[in-house]
Amino acid sequence: MSLLNDLNPAQRKAVLETEGPLLVFAGAGSGKTRVLTYRIAYLIQEKKVSPRNILAVTFTNKAAEEMRERVERLLRWSAKGIWISTFHSACARILRQHIDRLGFGRNFVIYDEDDQQRHLKAVMKEMNLDFKMFHPMAMQNKIDQLKNEGITADRFHPSQFNIFEKRLALVYQKYQEDLHRNNGVDFGDLLLFVNLLFKKHPDILRSYQGLCQYVMVDEFQDTNLIQYQLIKQLVQEHQNICVVGDDDQSIYRWRGAEVGNILNFERDFPNTKVITLEQNYRSTRHILQAANHVVKQNRLRKKKILWTENPEGELLTLFVAEDEADEAQFVARQISKHVNSPLQGNAGNPDKQYRDIAVFYRINAQSRAIEEELVKHQIPYTIVGGLRFYDRKEIKDVLAYLRLIVNPSDGISLKRIVNLPPRGIGDKTMERLGLFSKERNLSLYEAMKASLKEDWLPPGVRERIEGFIQLMEWFRQEAEAISLSQLTMTLLTKTGYLERLKEEGTDEALSRIENIDELINLMAELERGEEEVTLETFLERVSLVTSVDLYENKENRVSLMTLHCAKGLEFPIVFMVGLEEGLLPHYRRGEEIEDLEEERRLCYVGITRAKEKLYLSRSERRSTFGVGRANLASRFLDELPFELIEVEEKERRMGSLLRQKTFWSDDFSQSVDKADFSIREDEASRREEIVFNPDGFYPLRTGMKVRHPKFGDGRVKAIEGMNEDQKVTILFKSVGAKRLKTRYANLEILE
Ligand code: ATP
Ligand code: MG
């Protein structure tokens, strides 16, 4: 049969094994998603299963869309009747039919995160809770977490000694009551309520069990407890459940994903057949080798074999940039070489389309530099699963403040920030001021000022408005005196905006801080440049970038996304930027890595998206709050085999370090001890490391020949850290390897 001809024997087996529990456990690019799509087609075409009796669940809307397209291509007719969906939309559909049984109206609304926050805050205010002690965002996170674990408000039992939990229990209860009054549900409720519905109303469960005769789940490693429970309930009777996944690609643990689900599947479904797929069809041999090398460093994993018959392909290209702008330019330059466009002079081999190319980064804030450079090169791009940098809430907030400083009559910006962070100037007051401004034909800001001379506002409110006006006037004066980046920093601290985000302390808040940080970096970077930067010129520049959507072709664009969004996708050409300690692996809170193995899996996911060519880059310097900081190479670069990487030509000018041993290596000193003395000259120059050198330390580079007063001559093997703490490892002819503090080493540079 033609369908099955496109599959290898193991894949075919997974397609034919339609009855009973099946686990396809396999590495990246081995055809797991392909198996699911072929299974669907096979069930319909060969087993004559009605499309209505099939449910396939994937992780993102994009993945669901892609799966539907793939099935349609196989069946050559519309796959409309098949239920291919994300967990959330499947649940929303079920609730639309039956939520009345839980006491809600079927016309319920689904609240997004912002609505959720608003409701939660209102509830907490009513309870007179101090937002400083009990942060709404922290509460929201906890509530979401409980929902992910399937714990409803009445089943949550706080510990008697934990004040936070005790409050949480009450807030959770009242929040749910509030949603109920509004006939609304939040995202977490979608899953939780279907679970409840199934538990409380066996007739409804039975009807869905009957409907969903064949259930399939893609990316099973990232399901959370409640999703797994739902699936178990659905297939309880017929057990026709096929899940596919890869423990090496579990990257949502921080959001409650339970990799245990995949590892325990066989226990939960005793008759499970397990099929492993070992052949990768996606990537070249070089790319696959690189991926395997990285992921095998993880200890908590099931060992898997993954090989490919694909050609060796090109080497991976590593670029070491001076700073993030240099890195972004590299990306834009390479893209221009690959794509034939009338706008670019083509130097390379332009056989690709923009849609064949993706750029992955670890955190959203990294997109800013890339976006700017792509705009400059007129390369069309799209941000997948996220917002463009300047469309992000926190960036818009800061820009609104800046706009208002420049132009006090900008009522829209004023409305946006007047109560942000909350300063007790609510919607009602603003409405009244709005009317007043119309009456007097004043701008809103002028109306605020004028209102102070009248007495129709309650004294407390007047005081707050006065405070706000004083603050804004003060900023306006400061703007004359200090630089733009300083002004913005001052603004963020003075208003308490930054402080609030820090207090929230959630991943979301941290990511907002990172974005703001990136905005300040941009300002600082411009200030270092030759042209004068004023608040006005800056805003003008930004409004140009924000209004750029000149590209008509919506389809053919470079995709930009975080590594988390990249799961399940594939592209001929992939750029992974920011391979630095602190970014990938990401240090979430200050200096600690939350989960190194998860970061490594994320890196693995990124590498395995590439079909033909993988570019890696890192930047020697990256700014944080406008201050440049030297960044060390990611340890994941160290884990890549040397032979698989070529260093991009251009960057030899500034010297790159390819594979310096770094301080995190356990075997650091031993490997140095065993190391070879004679570094060849050309290799030495390739291993240059430019060292941060603020107050006259040696401009040391690896490979340099140096003389120590006591140990004599030797060569620099490695450099760690910077400033006062910098350490250097030198292989001395007399005594072997020594690790010294650069500061006190008294080295003389010989060559
Ligand atoms: P991931 O772990 O990244 O989700 P996956 O295991 O789901 O990957 P697929 O996306 O299904 O892998 O397949 C990877 C690529 O290999 C796809 O382009 C797919 O069409 C191709 N492929 C898979 N199996 C075969 C096969 N037997 N013959 C030809 N191409 C195949
Ligand atoms: Mg897949």
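These legends go with close-up views of ring pairs, charges over rings and nonpolar cores in a predicted model.

**View 1. Phe134 and Phe164 form a stacked pair.**
This pair comes from a search of the whole structure that turns up 16 aromatic pairs. The ring centres of Phe134 and Phe164 are 6.3 Å apart and the planes meet at 25°, so we call the pair stacked; the angle cut-off for that is under 30 degrees. Phe134 belongs to the loop between helix H6 (113-126) and helix H7 (136-148), while Phe164 belongs to helix H8 (residues 163-181), so the two rings tie together parts 30 residues apart in sequence. As for accessibility, Phe134 has a relative value of 7% and counts as buried, whereas Phe164, at 22%, counts as partly exposed.

**View 2. Phe319 and Phe330 make another stacked pair.**
Here the rings are 4.2 Å centre to centre, with just 5° between the planes. Phe319 sits in strand S9 (residues 316-321) and Phe330 in helix H14 (residues 324-338), so this pair ties together parts that are 11 residues apart in sequence. Phe319 is buried at 0% relative accessible area, and Phe330 is buried too, with 0% relative accessibility.

**View 3. Four rings join up in a cluster.**
Look for Phe220, Tyr228, Phe265 and Phe269, which are linked through ring pairs. Keep an eye on Phe265, since this residue turns up again in the largest nonpolar core.

**View 4. Two charged ends sit over rings.**
In one spot, the charged end of Arg93 is placed over the ring of Trp83, at 4.2 Å from the ring centre. In the other, Lys613 puts its charged end over the ring of Tyr615, 5.1 Å from the centre.

**View 5. The largest nonpolar core has 61 residues.**
The members touching the most other members are Leu95, Met124, Val171, Phe193, Phe198, Ile241 and Phe265. Helix H9 (residues 187-200) is the top contributor, giving seven residues to this core. Two domains feed in as well: domain 1 (2-94 + 192-279) and domain 2 (109-182) each supply at least three residues. In soluble globular proteins, nonpolar side chains tend to be buried together.

**View 6. Zooming in on Phe193 and its contacts.**
Leaving aside residues up to four places away in sequence, Phe193 touches Leu95, Ile99, Leu102, Phe104, Gln176 and Val185. Of these, Leu95 is listed with Phe193 among the residues that touch the most other members of the largest core.

**View 7. A second core stands separate.**
This one has 48 residues, including Leu457, Leu471, Leu487 and Tyr497.

How values were computed: Residues are numbered from 1 along each chain as its sequence is written. Chains are lettered from A and ligands numbered from 1 in the order in which they are written. This is a predicted model: local features need pLDDT of at least 70, side-chain atom pairs count only at pLDDT 80 or more; totals for chains, interfaces and linings use all residues. Side-chain values use heavy atoms; hydrogens and water are left out. Rings of Phe, Tyr and Trp (its six-membered ring) pair if their centres lie within 6.5 Å; planes under 30 degrees apart count as stacked, over 60 as edge-to-face and the rest as tilted. Helices (H or I, at least four residues) and strands (E, at least two) are DSSP runs, numbered from the N terminus. Buried means under 20% relative accessible area, exposed over 50%, partly exposed in between (1.4 Å probe, protein chains only). A charge sits over a ring if NZ of Lys or CZ of Arg is within 6 Å of the ring centre and within 35 degrees of the ring normal. A nonpolar core is a set of buried Ala, Val, Leu, Ile, Met, Phe, Trp, Tyr and Cys residues joined through side-chain atoms within 4.5 Å. Domain bounds come from an automatic or database domain assignment. Contact means heavy atoms within 4.5 Å.
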